[in-house]
Amino acid sequence: MKKIGVFTSGGDAPGMNACIRAVVRASIYHGLEIYGIQRGYNGMINGEIFQMQSTSVSNIIQKGGTILKSARSKEFMTKEGRKQAYEQLQKHGIEGLVAIGGNGTFTGASIFYEEYGIPTLGAPGTIDNDLYGTDYTIGYDTAVNTALDAIDKIRDTADSHERLFFVEVMGRDSGYIAIPCAIGGGAEIVMIPEALTSIEAVTASLTQGRNKNKTSFVIVIAEGEKEGNSTVIARQVSEVLPHLDSRVTILGHVQRGGKPTASDRMLASQLGIACVEGLMAGRTNEMAGIVNSELVFTPFIDTITKKKMINPNYTRMVDILSV
Ligand code: F6P
């Protein structure tokens with residue numbers, strides 16, 4: 001293998017740049033030519049491919065976002081799109097790929113490998129931490145710390161005005177971001193898709209808190225919560241407890257930006273190098289991850305289809321700590 005390509009795809013995540021940097025530098029270290037593919041699979045289809053040097057990734061390790069840009073490509077979901085992508089890779093002589101992204105990225109990579117057999121390894125780049133095969137994904141730690149910082153600020157105003165705040169965090173279908181935000185942010189209640197928390201349980205817990213002279217409350221809600229989104233939940237709670245003055249804050253995309261934490265830079269660097277060295281060793285169709293401090297490679301299909309479970313003790317911790 002002489003030439004490899006690297007791209008970022010799906011929702012961006014802090015640390016993607018650190019990972020691109022690691023892929024570029026590890027490739028050059030091992031004597032490979034490295035090509036950046038812009039705008040994810042869209043850029044692969046359109047031939048937005050350029051050779052990168054060591055200096056192409058200078059001064060980016062500390063930056064959020066992705067210098068290669070990202071996209072969720074509809075075209076790559078079509079056979080014709082993937083054919084065009086393959087032709088572009090052939091044109092540039094690219095023999096291996098490093099895909100930095102999440103679920104959708106690896107689904108695409110898996111299908112593409114089945115059809116065209118270009119060796120591909122993935123680095124888990126998503127704030128959601130919802131990928132099986134790694135304890136943490138690149139960007140997760142930063143996103144949690146960003147959300148936590150916001151929750152600390154919300155608590156100040158909640159306390160001053162004696163209000164109830166519903167804070168919605170990202171995470172798609174998982175509660176991985178919500179859990180440490182609730183525990184670390186001292187929330188009274190956490191609502192995640194993995195655990196059932198009825199509106200009755202929420203109002204009962206708030207009433208109990210009021211009876212113990214609590215005057216302000218923070219409820220952290222994962223965006224994928226099955227009872228509904230934060231606005232729907234807030235309305236239902238207010239119908240039962242109209243005397244509680246409440247507000248809703250949706251943290252949204254602020255969680256996707258900002259400079260990566262030390263943990264995310266470390267993880268991104270480690271996994272970027274692992275992908276290059278894995279490709280050189282003949283691995284393919286797998287994601288590099290860290291499980292129990294060990295580097296492991298997990299087939300793309302498992303990262304997408306197997307569910308990484310949330311420790312059920314975490315929701316219990318929120319109950320205990322908010323007594
Ligand atoms: O996968 C990362 C993520 O931020 C999810 O938490 C969220 O559901 C989704 O992406 C938002 O996607 P978009 O930026 O396309 O609105």
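How far is an oxygen atom of the ligand from an N or O atom in the side chain of Asp128? In this predicted model, the separation between the ligand oxygen and the side-chain atom of Asp128 is 2.7 Å. Two further side chains offer an N or O atom to a ligand oxygen, with a distance of 2.5 Å in the case of Glu223 and of 2.8 Å in the case of His253. When the ligand is considered alone, 400 Å² of its surface is exposed, and 74% of that area is buried by the protein.

The space that the ligand takes up is the largest pocket. Around the ligand stand Arg72, Thr126, Ile127, Asp128, Met170, Gly171, Arg172, Glu223, His253 and Arg256. Sorted by class, this shell is made up of five charged, three polar and two nonpolar residues.

The arrangement of the shell can also be described in terms of the domains into which the protein is divided, namely domain 1, which covers 3–139 + 260–305, and domain 2, which covers 141–256. The contact between these domains takes 14 residues from domain 1 and 12 residues from domain 2, while their centres, taken over C-alpha atoms, are separated by 34 Å. Each of the two domains supplies at least three residues to the shell around the ligand, and the ligand is thus surrounded by residues drawn from domain 1 and from domain 2.

Technical notes
Residues numbered from 1 in each chain as written. Predicted model: local features only at pLDDT ≥ 70, side-chain atom pairs only at ≥ 80, totals over all residues. Heavy atoms only, no water. Near = heavy atom within 4 Å. Polar contact = N/O pair within 3.5 Å; in protein donor to acceptor, adjacent residues only side chain to side chain. Areas by Shrake-Rupley, 256 points an atom, 1.4 Å probe, with all protein chains shown as cover. 1 Å grid on protein atoms, 1.4 Å probe; cavity = no way out; pocket = protein on both sides within 12 Å on 5 of 7 lines; lining within 4 Å. Sits in = over half its atoms within 2 Å of the grid points. Nonpolar A, V, L, I, M, F, W, Y, C, P; charged D, E, K, R; others polar. Domains from an automatic or database assignment. Contact = heavy atoms within 4.5 Å.
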